[in-house]
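Thank you all for coming. I would like to spend a few minutes on one structure, and I will take it slowly for anyone who has not seen it before.

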Amino acid sequence: MTISVPEVARILEGRGALGRRRKNQTAWVIDFVTGLIERPIPADLADFYRENIEWVGDFQTAIPVWNDHVSRVTDDAAVDRLMAAKAIPLFWDGCGSLYGVDVSTDTDHPAVYFFDHEDGWEKPAYAAGSSIGSFLLLLAEHDAAIDEKRPPGWELKIDPDLGNCPRAPPIWLAD
Amino acid sequence: MGTAQATASPVGDDNINNWMAQRWSDVRSLGVQAEAAGRNLWAQATRAGQDLSAPNPSDIPAIGAQFLKASSRSTGALSGPTVAPQFVPTPDAPTPAALMQQQAWFRQTQRDPLDKQYSWMAAIALAPTAFLGLDLPAAFGLGNAAEPALGMTDFPELEAWQTQIERQLGRVLTKNEKDALREIARARWAQANGVSAKELGAQVHHEDPLEWAHLKPNADPNRLSNLLGLRPPGHTVANRAWDLFRRSLGGAQPTPAQVTAQKLRVNPLLEPYVVRPGLPQPPPKPPVGGAP
């Protein structure tokens, strides 16, 4: 069962773990990314853009910004950084790496992967969520899990399908 | 041959030992006067621009002895303290006594150095460093050793996990370990700077990449000197530079020296993108490309 992005956003916002952008550029962003991958974006990704999220926990979204005053993109948010790996960035990890949603297959609920900048962005390092909704829940718990030293595999309690992502294994099986 | 020498000796064969003893006694008694006279002559010759040869230090007493001998012959007086020329010390010819006096003065200076005399000034100058750590009692010399204050660079809640990872260094870090180290890096940078990198629109960059942290097993990958706040374009520059370096290795492991050399090459490229709390950011660069 896939949890929807709007529902997760509402839950996390209620916890104070999610912030939204001041300016809503959803329509422009969806058009921009659609042009980038040259086909309609997955339904989950469109929902993600509609939620207009700025951050979750300590993680900043990677969404391009169009500036009306100067009529140009003032922040491309590295949106094309993962094109070679057939993914679209969702969040920065705060240390230069990216979480990106898979666009290699035509599905409405694609998986999310972590792309390590030290690996050259060429392939996903590990699976970070079986869908964008599940990924957002895991991301909100990420730092707390490390601080609390949760055992490997704690993610399965939140996202039981994490081990079934097609392009990479979950983090505790990735090495 | 020994007989011939004995015949030539002014005191005869039987008294050769007495003659040598007398000669050494004369040398000893004349030594101080001869050296003083020699130094005086040397100083006079220097001032007058005369050519007086004394390539070795022992030549100075020899010159003085010759002068005393000539003086005693011309006056008919025996050499002694009363006939020695009066020595006037000059900077060119310091006497052993003057040198000893100078050394004694230096020793006194060492025993009573200026930094001890003015140490109270250092206490005032260093007091703000205690304020930086929010340790007000320490600033006034009232520190309590039993309750150490938590400064900006103390991270007790993170130390255990960090220590656990450091124990395993010496081999390539796993993805789980890198993930945890990055979380700790963000927390450390935020604690040290009083604001998170996210709030400044920045990311935390490891100058020594985690990828090769195992090459420096005694270095904490999250030491503050290894963490840099960077605007995202700066991280892109760093990524490209390290990617080129990685490709240049052809799959081989770099040496720690190679990693350090590459870091020193990359860091100047990042300077325009470095974010430091309290410092204004440089104006954004013109974009590449136009409207979508």
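I will talk about the contact between the chains, then about one helix, and finally about the nonpolar cores.

Please keep in mind throughout that what you see is a predicted model.

Let me begin where the two chains meet, a contact that takes 28 residues from chain A and 27 residues from chain B. On the side of chain A that touches chain B, helix 2 (26–37), strand 5 (72–75) and helix 4 (132–147) of chain A each supply at least two residues, and the largest share, three residues, comes from strand 5 of chain A. If we sort that side of chain A by class, we find 13 nonpolar, eight polar and seven charged residues.

Now to helix 3 of chain A, residues 43–50, in which A:Asp44, A:Leu45, A:Phe48 and A:Tyr49 are buried. Why do these four lie on the same side of helix 3 of chain A? They do so because they cover an arc of only 140° around the axis, and, as a general reminder, an α-helix has 3.6 residues a turn, so residues three or four places apart point the same way. Among the elements that cover the buried residues of helix 3 of chain A are helix 1 (5–15), strand 6 (87–92) and strand 7 (98–102) of chain A. Just after this helix, A:Asn52 takes a positive phi of about 55°.

Lastly, the largest nonpolar core has 46 residues, and those with the most contacts inside it are A:Val112, A:Tyr113, A:Phe115 and A:Ala128. A second, separate core of 22 residues includes B:Leu173, B:Val204, B:Trp212 and B:Leu227.

Methods:
Residues numbered from 1 in each chain as written. Chains lettered and ligands numbered in written order. Predicted model: local features only at pLDDT ≥ 70, side-chain atom pairs only at ≥ 80, totals over all residues. Contact = placed C-beta atoms within 7 Å. Nonpolar A, V, L, I, M, F, W, Y, C, P; charged D, E, K, R; others polar. Buried ≥ 20, exposed ≤ 12 C-beta atoms within 10 Å, placed from the backbone. Arc of directions from axis to C-beta. Core = buried A, V, L, I, M, F, W, Y, C linked by C-beta atoms within 7 Å.
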